[in-house]
Amino acid sequence: MLQTKEIDLHATETYPGTQAVARAIALLKAFSDAQPEWNLTDLAQATGLNKTTAFRLLAALEAERLVMRNPLSGGYRLGVELIAMGGTAMRSNPLRAASRPILVTLAEQCGEAATLELLVESYVLVVDEVASNHPMGMTQDVGNRLPAHATATGKVLLAALPDAQLDAMLPGPLARLTDQTIVDPQRLRAELTQVRQDGFAVASGELEPGFVAVAAPVQDRERQVVAAISVGGPSLRLTPDRLPEIAAMVQMSARQISRQLGYWPG
């Protein structure tokens, strides 16, 4: 059974009702692609709540269509109202709006899928994607969370972190997804140093076998790295000979998005 991160309620106890909100959010965040449905007992245990509290909160969420019951199993799933809210959040995101036209052009130029991703704790979140024009193109769905250490975008975003924050995120051996995944934190640190020097990152077969991606950082007007964009596809098309050309196009596109956000080199 998947375990979710325990929520810290200390900061929410000052104001009446905020603890209930934090607990309800913890229930919603327990759902994932790997665990799209929970029964009451397991969900309560995963979020550290007693069954009575979990049931009351789920009933309130169900009334607002934020969760729904599977009529066959009786389990809980995310509700349709979250789909509408997610769509609104994406459409109103200024970073996504600024990057969308550039991602479209980048995907057309490279002939592969282009994505916009953010760092969320030790994962990257796919905020937007323009699919490949190939019938058998490889994609990462919007909303997916992927281990940062195994992705090109993750390497770019990790490379921009202060050492103290990076230390906290790389305490020990990293999860192995394929034979090519970097699991040694020291080896990953060495690669992140190279990423800072090069201005782009490559992940080859580290997330899934045969998948290659090239990523570059997006910066805001304060010159802070706020996102990363990437181009990804099968190793049969993204060959070593093509990677320098792809990297140059990804870097140029990242700079264009950065300019939209007010970044100016100097």
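In the predicted model, Glu 206 is in contact with His 149, Ala 150, Lys 155, Leu 177, Thr 178, Gln 180, Thr 181 and Ile 182, when neighbours within four places in sequence are left aside. The residue belongs to the loop between S6 and S7, and its relative accessible area of 7% places Glu 206 among the buried residues, because a residue counts as buried under 20%. A separation of a different kind is found between Glu 206 and Gly 79, which stand 127 residues apart in sequence and whose C-alpha atoms are 33 Å apart in space.

One of the contacts of Glu 206, Lys 155, is itself a buried residue of helix H6. This helix, which runs over residues 152-159, is mostly covered, with eight of its eight residues buried. Besides Lys 155, the buried residues of H6 include Ala 152, Thr 153, Gly 154 and Val 156, and the list continues with Leu 157, Leu 158 and Ala 159.

Helix H9 comprises 18 residues, numbered 243-260, and reaches 26 Å from its first C-alpha to its last, close to the 26 Å expected at 1.5 Å a residue. The buried residues of H9 are Leu 243, Ile 246, Ala 247, Met 249, Val 250, Gln 251, Ser 253, Ala 254, Ile 257 and Ser 258. Their cover includes two helices, H5 (94-110) and H8 (185-198), together with the strands S6 (201-204), S7 (211-219) and S8 (225-234). Beyond the helix, H9 is followed by Gly 262, whose phi is positive and near 100°.

Within helix H9, Val 250 offers a detailed view of this cover. Val 250 is buried, with a relative accessible area of 0%, and, not counting residues up to four places away in sequence, it touches Leu 106, Val 214, Ala 215, Ala 216, Ile 229 and Val 231. For Val 231, which lies 19 residues from Val 250 along the chain, the separation between the two C-alpha atoms is 7.0 Å.

The relation between helices H5 and H9 can also be followed from Ala 98, a residue of helix H5. Ala 98 has a relative accessible area of 17% and is therefore buried, the limit being under 20%. Once neighbours within four places in sequence are set aside, Ala 98 is in contact with Gln 260 and Leu 261. Ala 98 and Gln 256, although 158 residues apart in sequence, have C-alpha atoms that are 9.3 Å apart in space.

Two arginines have backbone angles that merit separate description. Most residues other than glycine have a negative phi. Arg 65, although not a glycine, has a positive phi of about 60°, and it occupies the loop between helix H3 (51-63) and strand S1 (67-69). Its relative accessible area is 51%, so Arg 65 is classed as exposed, a class that begins over 50%. Arg 223 likewise is not a glycine and has a positive phi, in this case of about 65°; the residue is placed in the loop between S7 and S8. With a relative accessible area of 42%, Arg 223 is partly exposed.

For the protein chain as a whole, nine helices and eight strands are assigned. The radius of gyration is 20 Å, which agrees with the value near 18 Å that a compact globule of 266 residues would have. Taken along the principal axes, the box filled by the C-alpha atoms has dimensions of roughly 60 × 40 × 40 Å. Of the 266 residues in the chain, 43% are buried, and the exposed surface amounts to about 14,500 Å², of which carbon and sulfur atoms supply 54%. Among contacts between residues at least 6 apart in sequence, 55% join residues at least 24 apart. As for charge, the mean position of the 23 positive charges and that of the 28 negative charges are 3 Å apart.

Note on methods. Residues numbered from 1 in each chain as written. Predicted model: local features only at pLDDT ≥ 70, side-chain atom pairs only at ≥ 80, totals over all residues. Heavy atoms only, no water. Helix = DSSP H or I, 4+ residues; strand = E, 2+ residues; numbered from the N terminus. Rg over C-alpha atoms; globule rule 2.2 N^0.38 Å. Buried < 20%, exposed > 50% of the residue type's maximum accessible area, 1.4 Å probe, protein only. Contact = heavy atoms within 4.5 Å. Areas by Shrake-Rupley, 256 points an atom, 1.4 Å probe, with all protein chains shown as cover. Lys, Arg positive; Asp, Glu negative; His and termini not counted. Charge placed at Lys NZ, Arg CZ, Asp CG, Glu CD. Expected span 1.5 Å × (residues − 1).
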